[in-house]
Amino acid sequence: MELRIGVIGIGAMGRDHVDRINNRVNGAKVSAISDINVEVATAYAKEIGATFYEDAEALIAADEIDGIVVTSWDPTHEGYVLEAIKHDKYVFCEKPLALEASGCTNIVNAETAKQKRLVQVGFMRRYDRGYEEMKRELDTGVLGEPLLLHCTHRNETVDSKYDTPMAVENTAVHEVDALRWLLQEDFVSAQVILPKKQTQYTHPKLHDPQLILLQTESGVCIDLEVFVNCQFGYDINCKVVCEKGEIGLTNPTYFNVKTEQKDYTRVPSDWKERFISAYDKELQLWVDGIKHDEITGPSAWDGYMASVTTNACSESRDNGYKVEIKFDEKPSLYQ
Ligand code: ISE
C-alpha cells in the first residue's frame, strides 16, 4: 500500500521533502499540500498532481491522508503537530519541534496521553554516514572516553530574515541533538559568547559569528562555532578529542581537483546537498515506521530536550551569564 502524505509548508525544505517522497522514498506519495501562499501552492499542487488545501487543519483531518510532514514556518510547528496528534495522525516535523520548551512539553503531554508515538522530529544528522560511523567508533571504546568536542556549523550566507536567535534555534539545534545522540548524554550548562568583532557580511539584526559552549552531565566540554555568512560554503565539522585519540567528521567528497599548483576538494553548497542521503534515510524510516505502526526516529522528547537546551543558550546570550540546564523527568513512553 502506498501511503498518502500531506505536506504543510512548501518553501525550500518542503519542496525538497516532496521531491524526496515522490522520487526517492519507497512506499509513499505526496497527495496533498497546504501553504499560506495560495497562488504559488495551487500551481505547485497542480504540477505534482496533489490536492491543495487552503486550510492546513482540514488537510490534517482528511481521511485520505495517512501522514503529515510539517515544513512550515518554525513558530507554526507546535500547532500543526498538536492537531495531528489530536487526529491520531503520524507527523514528521522539521526542527525545531517548537521554539519554546513549553511548546514541546505540550506536544509530549498530548502524545503521552495517547500512549503512542506519533511524532518524529527532523534531526537528520543521526542518519548521516559520517556521524553514524563516528558513533560506532566511539562506542567501541577504543579511543577511550570523549573529553572535548570542537564543532563548527557554517553556512555560506543567510538572508535578511535570519536573525541572532535563529543561530541557536534554527542552526545550532542540529548539533544540540546530534551531539546528545553521539555522546548519549544530556547537557547541564550552556553559554553563548558574542565576539565583539563581526563579519562585514552580516546585517544589523544578526550577530555573526557566535560561539556556543555546552557541558554534558559527565563533564564533556563542547565548543561550537556558528558562522552563517562564512562565504565559502556549507561546512560542518565535529572533532571529538578522546583519551587515546581523536575522531573527526569530514565533508563527503568523491573527487578532488588538481589545477594551477592547487589540489583541492569541494565544500558542499548547502545542507540539502551535504545531508541528502541522511534526509532520504530519515524519511524512508518514517514511512516504514508508519507502515509497521512503530515510529523509532527522533522523538518529541528529543525535540523537547533540544528546545530546553536552545532556550538556555538564548538566555545566556541575552544576559551574558552561563545557564544551568534543567529538564523534566522523561516519560516512560520515551524510555
Ligand atoms: C537550516 O534551517 C537547516 O536546517 C540547516 O541544516 C542549517 O545548517 C541551517 O543553518 C538552518 O538555517
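User: How many residue pairs are in polar contact across the interface of domain 1 and domain 2?

Analyst: The rule finds 5 such pairs, both residues at pLDDT 80 or more. A polar contact is a pair of N or O atoms within 3.5 Å; within protein, one must be able to donate a hydrogen and the other to accept it, and residues adjacent in sequence count only if both atoms are side-chain atoms. This is a predicted model, in which local features need pLDDT of at least 70 and side-chain atom pairs count only at pLDDT 80 or more, while totals for chains, interfaces and linings use all residues. Residues are numbered from 1 along each chain as its sequence is written, and side-chain values use heavy atoms, with hydrogens and water left out.

User: What makes the pair E175 and R125 a salt bridge?

Analyst: A salt bridge is a side-chain nitrogen of Lys or Arg within 4 Å of a carboxyl oxygen of Asp or Glu. In E175 and R125 the distance from N to O is 2.8 Å, so the pair qualifies. The count between domain 1 and domain 2 is 1 salt bridge.

User: Where do the two domains run along the chain?

Analyst: Domain 1 covers 3-125 + 277-299, and domain 2 covers 142-268 + 305-310. These bounds come from an automatic or database domain assignment.

User: What area is buried between domain 1 and domain 2?

Analyst: About 1100 Å² is buried, and carbon and sulfur atoms give 56% of it. Buried area is the accessible area (1.4 Å probe) that two parts lose on being put together, summed over both. In domain 1, K95, F123 and R125 lose the most area to domain 2, together 60% of what that side buries.

User: Why is T171 listed among the residues around the ligand?

Analyst: A residue is near a molecule if one of its heavy atoms lies within 4 Å of it. An N or O atom in the side chain of T171 is 2.6 Å from an oxygen atom of the ligand, so T171 meets that limit. Other residues around the ligand include K95, H153 and W271.

User: Which distance separates the side chain of N155 from an oxygen atom of the ligand?

Analyst: An N or O atom of the N155 side chain is 2.8 Å from that oxygen.
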